[in-house]
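Good morning, colleagues. Please take a moment with the sequence and the structure on the screen before we go through the model together.

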Amino acid sequence: MAEMVCAGFMETRAADEEIQKICDEVKCQVEEKRNEAYAVFNAVQYKSQVLQGVNYVIKVHVGGCSYLDLRVWKKLTCHGGEAIVTGMEDHHDKDPIQPFQCDHTLFFCCSLSPSCCLMTCAKRKKNAIKLLQK
């Protein structure tokens, strides 16, 4: 049974069909941001964290010996269930995936609650706190 840490990421798991579907959904976002088209875009492994939706860190094989680590936030199904890329890192081989902060050029604040910014993106903490105090 997978070990769950309160508000933390679960242990690394092998990617399955559900994770590949998420990768397929966000592939266009990644290609647009990186200005690159990928013939190969296969999920390899992932970590997840439940937090007003689900945060994923997903290692994606993009051809040859190249990998990307993606940070993806999947909204709750009651709020559309959309998957949004909130960060990415490249130059990764088959090294273990590690959670990383969002890329502020990709980050889209949750319109459901400013507290999502507070929990998801440390650099927006000040603004989120101001919004929460209103």
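Let me begin with one side chain: is E82 buried, partly exposed or exposed? With a relative accessible area of 40%, E82 is partly exposed. Its partner is K75: the two form a salt bridge in which the closest N and O atoms are 3.5 Å apart.

Before going further, I should state that this is a predicted model. The mean pLDDT of the chain is 76, and 63% of the residues reach at least 70. Confidence differs among the elements: helix α1, residues 17-34, has the highest mean pLDDT, at 96, whereas helix α2, residues 115-120, has the lowest, at 40. Over residues 103-134 the pLDDT is below 50, and this stretch has 47 contacts in the model beyond near neighbours in sequence.

Now to the overall arrangement. The chain contains 3 helices and 5 strands. Read from the N terminus, the order of elements is β-α-β-β-β-β-α-α. Of the 134 residues, 43% are buried. The exposed surface of the chain is about 7900 Å², and 53% of that comes from carbon and sulfur atoms. If we take the contacts between residues at least 6 apart in sequence, 42% of them join residues at least 24 apart.

I return to charge pairs. Side chains of opposite charge can pair when their charged atoms come close. How many salt bridges does a search of the whole structure find? The search finds 6. Besides the K75 and E82 pair, I would like to show two that lie in helix α1.

The first of these joins K21 and E17, with an N to O distance of 3.7 Å. These two residues are 4 apart in helix α1, about one turn of the helix. K21 is exposed, at 52% relative accessible area, and E17 is likewise exposed, at 59%.

The second joins E31 and K27, at 3.8 Å from N to O. Here too the spacing is 4 residues in helix α1, so about one helical turn separates E31 from K27. As for accessibility, E31 has a relative accessible area of 18% and is buried, while K27, at 22%, is partly exposed. The two values fall on either side of the 20% cut-off, which is why the two residues receive separate labels.

Next, the aromatic side chains. The structure has 2 aromatic pairs. In one of them, the ring centres of Y38 and F41 are 5.8 Å apart and the planes meet at 40°, so the pair is classed as tilted. Both Y38 and F41 are buried. The other pair is Y46 with Y56, also tilted, with 6.2 Å from centre to centre and 55° between the planes. This pair links distant parts of the chain: Y46 belongs to strand β2, residues 42-50, and Y56 to strand β3, residues 54-61, the two being 10 residues apart. Y46 and Y56 are both buried.

Which residues does V72 touch, leaving aside those up to four places away in sequence? The list comprises I22, V26, V54, N55, Y56, I58, A83, I84, V85 and T86. Y56, which we have just met in the aromatic pair with Y46, is therefore one of the residues in contact with V72. V72 itself lies in strand β4, residues 67-74, and its relative accessibility is 0%, so V72 counts as buried. V72 and C23 are 49 residues apart in sequence, yet their C-alpha atoms are 8.8 Å apart in space.

Two smaller points remain. One concerns the backbone at N35, where phi is near 55°, a positive value in a residue other than glycine. N35 sits in the loop between α1 and β2, and with a relative accessible area of 73% this residue is exposed.

The other concerns cysteines. The count of disulfides is 0. Two of the cysteines, C65 and C78, are exposed, with relative accessible areas of 62% for C65 and 59% for C78.

To close, I would ask you to keep the confidence values in view: helix α1, which carries two of the salt bridges I described, has the highest mean pLDDT among the elements, whereas residues 103-134 have a pLDDT below 50. Thank you for your attention.

Terms used:
Residues are numbered from 1 along each chain as its sequence is written. This is a predicted model: local features need pLDDT of at least 70, side-chain atom pairs count only at pLDDT 80 or more; totals for chains, interfaces and linings use all residues. Side-chain values use heavy atoms; hydrogens and water are left out. pLDDT is the predictor's confidence in each residue, from 0 to 100. Contact means heavy atoms within 4.5 Å. A salt bridge is a side-chain nitrogen of Lys or Arg within 4 Å of a carboxyl oxygen of Asp or Glu. Buried means under 20% relative accessible area, exposed over 50%, partly exposed in between (1.4 Å probe, protein chains only). Rings of Phe, Tyr and Trp (its six-membered ring) pair if their centres lie within 6.5 Å; planes under 30 degrees apart count as stacked, over 60 as edge-to-face and the rest as tilted. Accessible areas come from the Shrake-Rupley method with a 1.4 Å probe; for residues, only the protein chains shown count as cover. A disulfide is a pair of cysteine sulfur atoms within 2.5 Å.
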